[in-house]
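Reader: I'd like to learn how to read a model like this one at my desk. Could you walk me through it?

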Amino acid sequence: MRTAYIRCSTIEHNEARQLKMMNEQNAEKLFIDKASGKIQTGPPLKI
């Protein structure tokens with residue numbers, strides 16, 4: 001199974017280009033993370 005992790009460093013960034021690329025690579029499972037690289041307020045990604 002191909003798994004992809006897509007991350008945008010700020011909530012203003014758009015993940016569309018990364019999503020398109022992962023779909024072209026036949027990724028079956030996608031994890032998308034939108035968070036600030038400066039401040040970590042949310043929980044870490046759990047796979």
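Author: Sure, let's start with vocabulary. Helices (H or I, at least four residues) and strands (E, at least two) are DSSP runs, numbered from the N terminus. This is a predicted model, where local features need pLDDT of at least 70, side-chain atom pairs count only at pLDDT 80 or more, and totals for chains, interfaces and linings use all residues. Residues are numbered from 1 along each chain as its sequence is written, and side-chain values use heavy atoms, with hydrogens and water left out.

Reader: Which pattern does the protein follow along the sequence?

Author: Reading along the sequence you get β-α-β, from one helix and two strands.

Reader: And what is the mean pLDDT of the protein?

Author: pLDDT is the predictor's confidence in each residue, from 0 to 100. Here the mean is 81, and 74% of the residues reach 70 or more. Among the elements, helix α1 (residues 16-24) has the highest mean, 91, and strand β2 (residues 29-34) the lowest, 87.

Reader: How do the two strands run, and how many bridges join β1 to β2?

Author: Two strands pair if DSSP finds at least two bridges between them. In this model β1 and β2 run parallel, with six bridges joining them. The chain goes from β1 through α1 to β2, and that β-α-β crossover is right-handed. Right-handed is judged with the strands pointing away from the viewer: the path from the first strand over the helix to the second runs clockwise. For two pairs to click on, try T3, whose bridge partner in β2 is K29, and C8, which stands opposite K34 in β2.

Reader: Which side chains of β1 are buried?

Author: Buried means under 20% relative accessible area, exposed over 50%, and partly exposed in between (1.4 Å probe, protein chains only). In a regular strand the side chains alternate between the two faces of the sheet. Strand β1 does just that: A4, I6 and C8 point to one face and are buried, whereas T3, Y5 and R7 point to the other and are not. Over the whole protein, buried residues make up 15% of the 47 residues.

Reader: How much area does the protein expose?

Author: Accessible areas come from the Shrake-Rupley method with a 1.4 Å probe, and for residues only the protein chains shown count as cover. The protein exposes about 4,200 Å², with carbon and sulfur atoms supplying 51% of that.

Reader: Now the loops. Is E15 buried or exposed?

Author: E15 sits in the loop between β1 (3-8) and α1, and it is buried, at 17% relative accessible area. Contact means heavy atoms within 4.5 Å. Setting aside neighbours within four places in sequence, E15 is in contact with I6, C8, I32 and K34.

Reader: And I11, is that buried or exposed?

Author: I11 lies in the loop between β1 and α1 too, but I11 counts as exposed, at 61% relative accessibility. Check its distances as well: I11 and A35 are 24 residues apart in sequence, yet 6.1 Å apart in space, C-alpha to C-alpha. Across the protein, of the contacts with a separation of 6 or more, 57% are between residues 24 or more positions apart.

Reader: What does Q18 touch?

Author: Q18 is in helix α1 and partly exposed, with a relative accessible area of 28%. Not counting residues up to four places away in sequence, Q18 touches I6, R7 and C8. A polar contact is a pair of N or O atoms within 3.5 Å; within protein, one must be able to donate a hydrogen and the other to accept it, and residues adjacent in sequence count only if both atoms are side-chain atoms. A polar atom of the Q18 side chain lies 3.2 Å from the backbone oxygen of R7.

Reader: Which residues is D33 in contact with?

Author: D33 belongs to strand β2 and counts as partly exposed at 21% relative accessibility. Leaving out neighbours within four places in sequence, D33 is in contact with Y5, I6, R7 and C8.

Reader: Last one: where does N26 lie?

Author: N26 is in the loop between α1 and β2, and its phi is near 60°, a positive value in a residue other than glycine. N26 is exposed, at 55% relative accessible area.
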